[in-house]
Amino acid sequence: MNRAEIDTDDLLKLVLLLVVVWLLVEIVETVLDVASWLFDALPTLIGIALVVVIALRLTDRI
C-alpha cells in the first residue's frame with residue numbers, strides 16, 4: 001500500500017481516533033489527580049468529622 005493511496009476519510013478517522021484517545025487520557029489523569037487529592041486530605045477530613053461528632057455528643061445533639 002502506497003501512502004498516496006490512503007483515503008482522506010480514513011486519515012480523518014485516524015486523526016479523530018487519536019484525538020479521542022488523547023482526551024480520554026486527559027480525563028483519566030484529571031480523575032486520578034482528584035482521587036489523589038482526596039486520599040491526601042482523608043486524615044484531615046476524618047479529624048474534622050471526629051471533632052464534629054465529639055462536639056455534638058458533648059452538647060447532647062446526638
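Is Val 53 buried, partly exposed or exposed, and what is its relative accessibility? The points below answer this and describe the rest of the chain.

1. The model is predicted. Val 53 has a relative accessibility of 44% and counts as partly exposed, because that class lies between the 20% limit for buried and the 50% limit for exposed. Val 53 is placed in helix 1.

2. The protein has one helix and zero strands. Its radius of gyration is 26 Å, while the globule rule gives 11 Å for 62 residues, so the protein is more spread out than a compact globule. The C-alpha trace spans about 80 × 20 × 10 Å along the principal axes.

3. Helix 1 covers residues 8-58. One pair of positions gives a sense of distance: Val 53 and Asp 33 are 20 residues apart in sequence, and their C-alpha atoms are 29 Å apart in space.

4. Few side chains are covered: 2% of the 62 residues count as buried. The protein exposes about 6000 Å², and 72% of this area comes from carbon and sulfur atoms.

5. A nonpolar patch lies on the surface, formed by Ile 6, Leu 11, Leu 14, Val 15, Leu 17, Leu 18, Val 19, Val 21, Trp 22, Leu 23 and Val 25. Together these residues have about 1000 Å² of accessible area.

6. Leu 18, one of the patch residues, is found in helix 1. Its relative accessible area is 53%, so Leu 18 is exposed, the cut-off for that class being over 50%.

7. On charge, the protein has 4 positive and 9 negative charges. The mean positions of the two groups are 15 Å apart.

Definitions and conventions
Residues numbered from 1 in each chain as written. Predicted model: local features only at pLDDT ≥ 70, side-chain atom pairs only at ≥ 80, totals over all residues. Heavy atoms only, no water. Helix = DSSP H or I, 4+ residues; strand = E, 2+ residues; numbered from the N terminus. Rg over C-alpha atoms; globule rule 2.2 N^0.38 Å. Buried < 20%, exposed > 50% of the residue type's maximum accessible area, 1.4 Å probe, protein only. Areas by Shrake-Rupley, 256 points an atom, 1.4 Å probe, with all protein chains shown as cover. Lys, Arg positive; Asp, Glu negative; His and termini not counted. Charge placed at Lys NZ, Arg CZ, Asp CG, Glu CD. Patch = residues over 30% accessible without salt bridge, like charges linked within 9 Å, V, L, I, M, F, W, Y side chains within 5 Å. Salt bridge = Lys/Arg side-chain N within 4 Å of Asp/Glu carboxyl O.
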